[in-house]
Amino acid sequence: MGIDRRSFISLVAGGAAGSLFTPVIWKTLDDISIWTQNWSWTPRLKYGEEGKAPALCKLGSDAYGIRIKTISGRPVAAEGNPDHPLSLGGICPLGAASVQLLYSPSRIRNPKLRDGNSFRDIGWEEAENLLAEKLKSAGADMAVISGDETGSVTDVLAGLAAKAGSDKVFLMPGESAPAAGALAMFGGDGQIGYDVENAGYVLLLGADMLESWGNVCRNGKAFAEGRSRNARYVYVGPAQNGTSSVADAWVPCAAGMEPVLAMGIANCLIATGRDRSAWPGYADFARFVQTAYPLEKVSAATGVSEEMIKGLARELMRAGRPLVLSAAGSGQGLGAFEAAAGMCLNVLLERINVAGGVRVLPWNPQVIDGAMDRKTLFGNDVTGYLTAVADGGAEAPALLMVHGANPAYALPSLSKVLSALDKVGFVISFSSFMDETAALADLILPDSYAFERLDDAYSPYGSPQPNYTVAAPVIKPVFDTRPAGDVLLSVAAKAGLELGFESFEDVVKAKAEALGADFDEMLGGAAWVGEEFPEQMLVMWTAPLQEISVPAADGKLALAPVTRLKIGSAKMATPPFGTNAIRYDEMLGTDMYVLLNARTAGKLGLKQDDAVKLAASGGECRACVRIFEGVMDDTVVAPLGFGHTAWDDFSKGKGDNVHKLLAAEIEDGTGLSRFATARVTVSRA
C-alpha cells in the first residue's frame, strides 16, 4: 500500500503506526541472533586476497577515519584506524555496523519519483533533467538542509543556492553552532576544539564524552591515557551514564541546569579576589555574575549544594591544566548563551589556545565562489526557519533539497517541522536510505554510500587541531546510485548555474591545495593536521550575557534526552546488528524504557514495567517505566533514536520518537533554537 506525503506526515505527527506499518516483534535476542545468520542480503565471504582500505565514518554526530577490511576487493568488516588522529584505533557502534549497512534492505537502489501515493523508478538522466528544471523554475525560491557540516558536498549545495540567489542554507542542529556563537560573545572567531588529551582535570558539564559529545573514539582513547597519568574527570548531569560510571565523580545536577552551575562556579572564581581588573570587560562581567548568580540561587536551581559548588571551583583552580566541556546531554539543543556559560570558565582559568585547554581552529577553507561559509551557516537556524514556515511567518520554498539529513525525524517541534515540509512545493532527498524524509520526498536521488564515493571531512567538532581527511571509494556502487557531489555539479551545469568545477574530486583537490595538503597522500589514508591556531583577543563582555531561565516548579518532570549510538543517531536508524546490543532493560516488546527513580515513580503511582505516556507541548510518546536510582528526583531520562516510521523492519515501529516532546525556543540575541530539555507529564498509558 502506498502512502502520500500528507498521510505520512499525519502518521508521524500522531505517533501511531496503525495498520500501515506492521512491526517485526523482537521476541528474544536469540531469535535475532538466528535471523542475522539467515538474512538473504547478508554478504557472504569470498575467498581471495585480504586488504585494508582507509575510509570515513560519518554515521554519528562526528566524522573520523576507519579502515575497511576487504576480501577480493569486497568490504567485509570495519575497524578503527590507529593512524587517524580522530580514531586512534577506535570505532563507534555505528561505525562497527557500517559495512553491514552497505547492503542494508533500507538502501535506496535507484532514483525514484513520486507517483501519487507511491514512487516509480526513473533513470538518472530523467532525474537530473527534472532537478535542473526545478532549479531553473524555483530560482531564489529554494532552500537547502544538510546534515554534513564537515564535508564539501555542503559547499557545493551552498554554492548552488548562492548561484540561484538563495541564502536559505541550513545545517542540522549540533554542538558546533552554539560553541562558535559562545566564542563570538567573547570577541573570538573560529571553530572550537578541545585538547582533551593533555588536560589534567576535565569538568564535564553535561558532556557525555564517551557516548554523544565530540568524537567518542578519540575521547575514549584520551580518557584511558588520562587516567594512566592521574588526570581527573568529573561528570555533571541529571543521571548516571557510561561517562559518569567511569569518571572520578558524578555530581547530580538538574537537567538543563548545568550552565547555571557553571555561572555559580564563575561566581566562586571571581570571589577569590584575583586581580583581573586589566581584562577588558571584566568588571561588567563580574558584576553580572555576582548579581544574577548568587550561590543560594544557583544551588536551588541545580540541586547542587553551595559547598559542592565551591569545591568544584577550588578543584579547577588547583588543578594542572583544567578544561571545562559544556554540552547538552544528548549532544544537541544547547543555546549559545548556555555554551558561553561553560566557555567563561575556560576564559577565567586562562585556558584558551594552550596545551590541555580550548583550541580555536581556523574556519573551513572556501573554494566555491559565493558559497555560504561555515561561520554564516552556523548562524542559520533550521528549526526556527521551518517553524516560521509552519506558522505562516515565512513563505515555504518552492524547492527544498535535503542531503545527509533527516529533518522529518530528528528535529524538535516536530509537528511544526512536518507541517512546514508539507507546505514545500517540491522536496528532493539525496539520502542513501529510505529514511522518514526520503519517504515523504517528491524526488529521491540516492547518494552512493560512504564506501562507494569520494568523501572528505574538515575539523569535526571538538578536534584538538585543524585536520582534513579525504577518503577514496572502497568499492564501486552496489546499486544504481551516484555521489551527490557529482550529481549536483552536473545538474548545476544543466541549469546554467555552473560552480567552476566539473567533478567533486576537483572540489576536494582544491580544498586540499588551499590547506597545503597532498591530495594523493590523503587518498592513501594520510590525514592532514595543521599546527596553526588563530590568535584571539577575548573580551569578557563584548555582548552582554543573558540570564539563563530556570523552569518554575509546575509539577512536571524534567526530560533528559540521551543519545546512545548503538540505537542510532540523527542520521542513522538502528542497524540490524545493533538490535543485538539493545538490552532487556532498554526495550519491552516494542516499547522503549524511560528511567525514573523510585521516589519519583512512587509520587506518580508507577512501578517497574508500567506503560506510560509522556506528554509535552510538542506531542506525546509511549514508553515503559524502568526504576533506576541513578536518576535525580523529578527527572525522566528518555533515549533518542527509537520511533522510526521508515527505514526497515529492524527499526520501524520500535519505541517512540522523543523529538516529538522537544519544543524549540528562539534564543534572544542569537536567533538560535535551544531545546536541550523539556518539561513533561508522565501518566499511565
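Reader: Why is there no disulfide at Cys-57?

Author: The closest cysteine sulfur, in Cys-92, is 4.5 Å from the sulfur of Cys-57. A disulfide is a pair of cysteine sulfur atoms within 2.5 Å. The pair is therefore too far apart for a bond.

Reader: What kind of model is this?

Author: This is a predicted model, in which local features need pLDDT of at least 70 and side-chain atom pairs count only at pLDDT 80 or more, while totals for chains, interfaces and linings use all residues. Residues are numbered from 1 along each chain as its sequence is written, and side-chain values use heavy atoms, with hydrogens and water left out.

Reader: Is Cys-57 buried or exposed, and how do you know?

Author: Its relative accessible area is 2%. Buried means under 20%, exposed over 50%, and partly exposed in between, with a 1.4 Å probe and protein chains only. So Cys-57 is buried.

Reader: What about Cys-253: why is that not bonded either?

Author: The closest cysteine sulfur belongs to Cys-268, and it is 14 Å away. That is too far for a bond. Cys-253 has 0% relative accessibility, so it counts as buried.

Reader: How many disulfides does the rule give?

Author: The count is 0.

Reader: What makes a set of residues a nonpolar core?

Author: The residues must be buried Ala, Val, Leu, Ile, Met, Phe, Trp, Tyr or Cys, joined through side-chain atoms within 4.5 Å. The largest such core here has 80 residues. Leu-203, Leu-261 and Ile-265 have the most contacts inside it. Helix 14 (residues 336–348) gives the largest share, 10 residues. Another core lies apart from it, with 59 residues, including Leu-445, Tyr-468, Phe-501 and Met-522.

Reader: Which residues does Ile-265 touch?

Author: Contact means heavy atoms within 4.5 Å. Leaving out residues up to four places away in sequence, Ile-265 touches Leu-203, Ile-309, Leu-312, Ala-313, Leu-316 and Leu-345.

Reader: What makes helix 14 a helix, and where does it bend?

Author: Helices are DSSP runs of H or I with at least four residues; strands are runs of E with at least two; both are numbered from the N terminus. Helix 14 has 13 residues. The expected span of a helix is 1.5 Å times one less than its number of residues. For helix 14 that gives 18 Å, and its end C-alpha atoms are 18 Å apart. The bend is about 30°, at Gly-342. A bend is the angle between axes fitted to the seven residues ending at a residue and the seven starting there.

Reader: How much of helix 14 is buried?

Author: 13 of its 13 residues are buried. After the helix comes Glu-350, with a positive phi near 55°.

Reader: How do you know that the length of helix 13 agrees with expectation?

Author: Helix 13 (residues 306–318) has 13 residues, so it should span 18 Å at 1.5 Å a residue. Its end C-alpha atoms are 19 Å apart, which agrees. Ile-309, Gly-311, Leu-312, Ala-313 and Leu-316 in helix 13 are buried. Their cover includes strand 9 (201–205), helix 10 (258–271) and strand 12 (322–326).

Reader: Why is Leu-88 called partly exposed?

Author: Leu-88 has 28% relative accessibility, so it falls in the partly exposed class. The residue lies in the loop between strand 3 (74–80) and helix 3 (93–96). Its phi is positive, near 55°. Most residues other than glycine have a negative phi.

Reader: Is Ser-413 buried or exposed?

Author: At 10% relative accessibility, Ser-413 counts as buried. Ser-413 is in the loop between helix 17 (407–410) and helix 18 (414–423). Its phi is positive too, about 50°.

Reader: What makes strand 2 and strand 3 a pair?

Author: Two strands pair if DSSP finds at least two bridges between them. Here 6 bridges join strand 2 (residues 64–71) to strand 3, and the two run antiparallel. In one of these, Ile-71 is partnered with Arg-74. The strands form a hairpin with 2 residues between them. In the turn, Ser-72 has a positive phi of about 55°.

Reader: Which strands are the edges of the open sheet with the order 17-18-19?

Author: Strand 17 (455–458) and strand 19 (528–529) are the edges, since each pairs on one side only. The sheet has 3 strands with antiparallel pairing. Strand 18 (residues 467–471) joins strand 19 over 2 bridges. Tyr-468 has Trp-528 in strand 19 as its bridge partner.
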